[in-house]
Amino acid sequence: MINIDAILPQVFNGIQFGVLMALLATGLSLIFGMLGIINFAHGSLYMLGAYFVWTCVQMLDLPGNFWLGLVLTLPLMAVVGLVLERFLLHRMYGQPVVYQILITFGLLLVIQQGVALIYGTTPLPLGMPPSFEGEISLGLFRYPVYRLFTMVLGLAIISAVWFFIERSALGAIIRASAEDPETAKTLGINTRTVYTWTFALGSALAGLGGGLHAPLIGGLQHPIGTEILLICFIVVVIGGMGSIRGALLGGIILGVVRGLAGVFWAPASDFVMFAAMGIILMVRPQGLLGREATR
Amino acid sequence: MKKALEGSRKRFFAELFPAIIMAAILVPIYFILPSKMMASEILIMAIPTLAFILLLGYTGLLNFGTGSLFAVGAYTAGILLARHNVHVLLAIIAGVVMSGIISIIMGYFCIKRGGLIFALLTLAFNQLIWFIIWQWKSFTGGPDGIWGIKREALNLGIFSINLKPTFNFYIFVLIFFILIFFFLRRLIESPFGKVLMGMRESELRATAIGYNPETYKWIAFIIGGLICGLGGTLFALHQEYVGEHLANWFTSGEFVIMALLGGTFVLPGALIGSGVFIFLADFLNRFAVLSKAGAWLLVLGAIFIVVVMFLRGGIYGGVEKAYELFRRK
């Protein structure tokens with residue numbers, strides 16, 4: 001008999017993991033929904049974020065080095081995104097999806113192996129940030145502070161991004177550029193710039209997700225990006241391509257299912273993720289809250 | 001009936017001549033290559049790449065599941081050879097059949113959608129199979145893989161050939177490669193192949209004429225799966241070891257790279273691609289800086305990006321274009 005005390009923390013862990021994946025999936029989904037680009041290198045951007053935070057902690061001998069690194073990943077990864085979009089990916093707009101997958105797959109190889117070349121292949125451990133090491137009582141059980149923090153921050157950022165895209169004036173410009181580029185252009189919107197910045201935003205979210213996740217991974221290794229990429233795809237497929245709320249819903253569903261499967265039979269936790277994706281694709285190919293890609 | 005036989009005989013001889021030429025070119029290549037192991041490996045890796053090209057180049061489906069079907073063939077043959085000591089040919093047939101069965105199931109779910117969804121589904125299936133291989137330690141050896149595969153005498157009743165020497169094994173692989181290559185060549189020229197290509201261009205039009213795209217895609221997927229399985233069984237014999245990394249999606253990615261490098265729209269592209277890939281891997285790994293941490297993949301990735309951006313037809317397409325420019329002048 002499995003008691004509730006064992007299940008509840010697992011479910012909570014699942015939700016926490018799911019929110020973090022939803023944060024990454026939001027970036028992936030944004031890029032897909034607005035630019036129509038399916039980005040296989042998204043996981044690599046996540047990995048870059050994690051390695052950047054690690055480097056900050058190692059290099060800077062300051063009290064708040066982890067947090068500084070985390071904040072700095074945002075502009076840094078945005079710049080990486082800007083460069084990628086400007087020099088490479090903008091050529092892929094409107095191309096067959098197969099070539100987008102192929103080119104971003106090439107990018108994944110280059111980034112991943114580049115990191116392996118610089119940082120080596122041995123796992124690089126990153127401890128919890130100071131004063132976030134302990135546990136906090138949540139009534140029924142005690143829960144690690146840092147995990148709780150990532151959950152709250154993740155939810156806040158996803159909500160902020162959703163509000164920005166769906167409710168703000170700038171968001172309206174982004175949506176307009178995605179839905180009807182011709183009309184947007186005649187209204188004086190520079191769609192080229194809009195696409196570039198949207199890609200940068202998506203990249204920054206990936207980097208931030210990597211930085212946030214880094215202390216929980218145990219040891220950083222260069223293939224972490226590809227593992228996370230697969231999970232992100234599953235989240236996006238479950239929730240619906242191009243939908244931010246869908247990414248959050250997909251992430252939480254995936255996290256809970258994964259956590260619960262882990263309680264009963266640990267090796268099944270990865271299996272159920274793929275099974276969930278397969279079922280959703282069969283029954284509702286556009287995902288739970290999906291809308292078709294607009295471009 | 002007689003006429004049909006006559007026709008098939010004619011076709012057979014029409015293929016026999018280029019097959020002999022191909023063999024005549026490929027046999028001496030064995031002696032040119034720097035490492036003798038490399039020769040068989042190039043041919044073996046070209047076999048699943050052929051399957052990948054059938055799907056992407058002729059049917060328009062980007063398959064990220066090649067690696068897992070390859071691994072299914074390799075594991076089936078490997079387990080049979082290492083633990084049950086079966087006949088080599090029987091192990092090969094079993095591997096092919098097993099991959100066929102898996103690809104029937106996989107294909108059924110994957111071919112319902114084209115484009116992105118197909119790619120993601122095959123990727124998910126690929127990881128599922130990898131995951132099963134990784135977890136099922138008692139049967140597949142898990143992370144340790146299958147050891148003790150022996151490449152010994154191939155007993156054909158009247159006579160027997162020792163497959164241990166690399167040259168003998170190379171010829172053994174070459175026979176399979178040429179058979180598959182010319183089978184696919186015929187398949188593409190056949191009405192079935194024409195339907196596949198028609199669907200690649202416009203699925204709507206193919207449906208309007210009365211073809212069921214799903215059935216055709218499914219059959220193409222299964223044929224691809226059988227071929228991948230064959231490649232896998234030969235690979236198990238080649239390495240005398242099978243590891244779980246074969247099933248990982250990075251192996252699928254390697255076949256993707258090979259096909260794109262060589263040329264996605266023509267069958268010889270598979271051979272060119274796998275040749276260039278393996279040669280490049282060998283060459284780049286000679287530099288100490290690059291062999292560390294698999295950084296040669298970085299160079300390969302960069303080349304791959306350039307190919308996808310500027311040379312969609314791969315090396316084959318590039319040479320073709322250059323030749324045409326030259327002739328026009």
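These are my notebook entries on helices, loops and a chain contact in a predicted model.

**Entry 1: the contact between the chains.** I began with the place where the two chains touch, and I found that the contact takes 29 residues from chain B and 31 residues from chain A. On the side of chain B that touches chain A, helix H5 (115-135), H11 and H14 each supply at least two residues, and the largest share, 11 residues, comes from H5(B). Sorting the residues of that side by class, I noted 22 nonpolar, six polar and one charged.

**Entry 2: H11 against H14 in chain B.** I then looked up how helix H11 (residues 249-262) of chain B packs on helix H14 (residues 296-310) of chain B, and I wrote down an angle of about 50° with the axes 10 Å apart. H11(B) is therefore oblique to H14(B), since an angle counts as oblique when it falls outside the roughly parallel, roughly antiparallel and roughly perpendicular ranges. The crossing in which H11(B) passes H14(B) is left-handed. From H11(B), the residues Ile257(B), Leu260(B) and Leu261(B) meet Leu300(B), Phe304(B), Val307(B) and Val308(B) of H14(B). By class, this contact has seven nonpolar residues, with no polar and no charged ones.

**Entry 3: H9 against H10 in chain A.** For chain A I took helix H9 (residues 224-239) and helix H10 (residues 244-264), whose axes come within 7 Å and cross at roughly 115°. Here H9(A) passes H10(A) in a right-handed crossing. On the side of H9(A) I listed Ile234(A), Val235(A), Val236(A), Ile238(A) and Gly239(A), and the residues they meet in H10(A) include Gly246(A), Ala247(A), Gly250(A) and Leu254(A). The residues of this contact divide into eight nonpolar, four polar and no charged.

**Entry 4: two helix lengths.** I checked helix H7 (residues 166-189) of chain B against the rise of 1.5 Å a residue, by which its 24 residues should span 34 Å, and its end C-alpha atoms are 34 Å apart, so the two agree. The buried residues of H7(B) are Phe169(B), Tyr170(B), Phe172(B), Val173(B), Phe177(B), Ile180(B), Phe181(B) and Leu184(B). I repeated the check on helix H2 (residues 42-59) of chain A, where 18 residues should span 26 Å at the same 1.5 Å a residue, and the end C-alpha atoms are 26 Å apart, which agrees. H2(A) is mostly covered, with 15 of its 18 residues buried.

**Entry 5: positive phi in two loops.** I looked next at Asn85(B), which has a positive phi near 55° while being a residue other than glycine. Asn85(B) lies in the loop between helix H3 (66-83) and helix H4 (88-110) of chain B, and it counts as exposed because 10 C-beta neighbours lie inside 10 Å. Glu240(B), not a glycine either, has a positive phi of about 55° and sits in the loop between helix H10 (213-239) and H11 of chain B. With 16 C-beta neighbours inside 10 Å, Glu240(B) counts as partly exposed.

**Entry 6: a proline in H8.** Last, I looked up Pro191(B), which is found in helix H8 (residues 191-201) of chain B. I recorded Pro191(B) as exposed, because 7 other C-beta atoms lie within 10 Å and the limit for an exposed residue is 12 or fewer. I also noted that the C-alpha atoms of Pro191(B) and Ile158(B), which are 33 residues apart along the chain, are separated by 39 Å.

Technical notes:
Residues numbered from 1 in each chain as written. Chains lettered and ligands numbered in written order. Predicted model: local features only at pLDDT ≥ 70, side-chain atom pairs only at ≥ 80, totals over all residues. Axes fitted to C-alpha atoms, helices over the stretch in contact; angles between N-to-C directions. Helix = DSSP H or I, 4+ residues; strand = E, 2+ residues; numbered from the N terminus. Parallel < 35°, antiparallel > 145°, perpendicular 65-115°, else oblique. Left-handed = near helix turned anticlockwise from the far one by under 90°. Contact = placed C-beta atoms within 7 Å. Nonpolar A, V, L, I, M, F, W, Y, C, P; charged D, E, K, R; others polar. Expected span 1.5 Å × (residues − 1). Buried ≥ 20, exposed ≤ 12 C-beta atoms within 10 Å, placed from the backbone.
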